[in-house]
Amino acid sequence: MAYDPDFGEWVREHLAALGPLEIKRMFGAAAVYANGLIFALLDDGVIWLKADEVNAPLLVEAGARQFTYPTKDGALMAMAYWSLPESALDDPDEAADWARRSIDAALRKAAARKPRKPKPRP
């Protein structure tokens with residue numbers, strides 16, 4: 001995993017239609033946040049978009065690849081992130097549309113989480 005800050009700046013420019021984005025380094029790669037939610041990862045020059053049962057089939061249809069990594073035992077572990085479709089690499093409007101779908105997936109995931117119980121005060 002590798003994150004290039006110059007690539008991060010290109011991503012900010014390419015997705016400028018989304019408004020301000022925050023990019024934070026994470027495990028050698030970087031996470032992209034919109035309104036406090038992670039909706040994408042940046043690794044080795046690839047934008048990996050968060051996906052769920054709603055937008056993953058659309059990404060597959062558009063030719064996106066699923067993010068995978070090898071485990072210690074050599075098996076491949078798949079994550080719920082898919083590459084930005086090739087057609088969106090040269091089209092900021094299309095890229096922003098895909099990113100909005102990923103933000104929606106992040107919102108759905110956040111809404112599905114069980115609320116945490118407050119810690120008892122001593």
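Which residue in S6 does Lys50 stand opposite? In this predicted model, Lys50 faces Tyr81 of S6. That pairing belongs to a wider arrangement: strand S4 (residues 46-50) and strand S6 (residues 76-83) run antiparallel and are joined by 3 bridges.

**Around S6**

S6 has another partner to look at. Strand S5 (residues 66-70) pairs with S6, again in the antiparallel sense, over 4 bridges. If you want a spot to start from here, take Tyr69, which stands opposite Met77 in S6. S5 and S6 form a hairpin with 5 residues between the strands, and Gly74 in this hairpin takes a positive phi near 90°.

**Ser102 and its neighbours**

Back to Lys50, this time from the helix side. Ser102 sits in helix H3 (residues 92-112), and its side chain reaches the backbone oxygen of Lys50 at 2.9 Å. Leaving aside residues up to four places away in sequence, Ser102 touches Phe39, Leu49, Lys50 and Asn55. So is Ser102 buried or exposed? Its relative accessible area is 0%, so Ser102 counts as buried.

**Salt bridges**

How many salt bridges does the structure hold? There are 4, and the table lists some of them, including one from helix H1.

| Pair | Closest N to O distance |
|---|---|
| Arg12 and Glu9 | 3.1 Å |
| Asp52 and Arg108 | 2.7 Å |
| Arg100 and Asp97 | 3.1 Å |

Side chains of opposite charge can pair when their charged atoms come close.

Let's take Asp52 and Arg108, which form a salt bridge with N and O atoms 2.7 Å apart at the closest. This pair ties together distant parts of the chain, 56 residues apart: Asp52 is in the loop between S4 and helix H2 (56-61), while Arg108 is in helix H3. Asp52 is buried because its relative accessibility is 15%, under the 20% cut-off. Arg108, at 32%, counts as partly exposed.

The other two pairs in the table stay inside a helix. Arg12 and Glu9 both lie in helix H1 (residues 5-14), 3 residues apart, which is about one turn of the helix. Arg100 and Asp97 are likewise 3 residues apart, about one turn, but in helix H3.

How exposed are these helix pairs? In H1, Arg12 is partly exposed at 29% relative accessible area, and Glu9 is partly exposed at 40%. In H3, Arg100 is partly exposed at 36%, and Asp97 is partly exposed at 38%.

Key. Residues are numbered from 1 along each chain as its sequence is written. This is a predicted model: local features need pLDDT of at least 70, side-chain atom pairs count only at pLDDT 80 or more; totals for chains, interfaces and linings use all residues. Side-chain values use heavy atoms; hydrogens and water are left out. Helices (H or I, at least four residues) and strands (E, at least two) are DSSP runs, numbered from the N terminus. Buried means under 20% relative accessible area, exposed over 50%, partly exposed in between (1.4 Å probe, protein chains only). A polar contact is a pair of N or O atoms within 3.5 Å; within protein, one must be able to donate a hydrogen and the other to accept it, and residues adjacent in sequence count only if both atoms are side-chain atoms. Contact means heavy atoms within 4.5 Å. Two strands pair if DSSP finds at least two bridges between them. A salt bridge is a side-chain nitrogen of Lys or Arg within 4 Å of a carboxyl oxygen of Asp or Glu.
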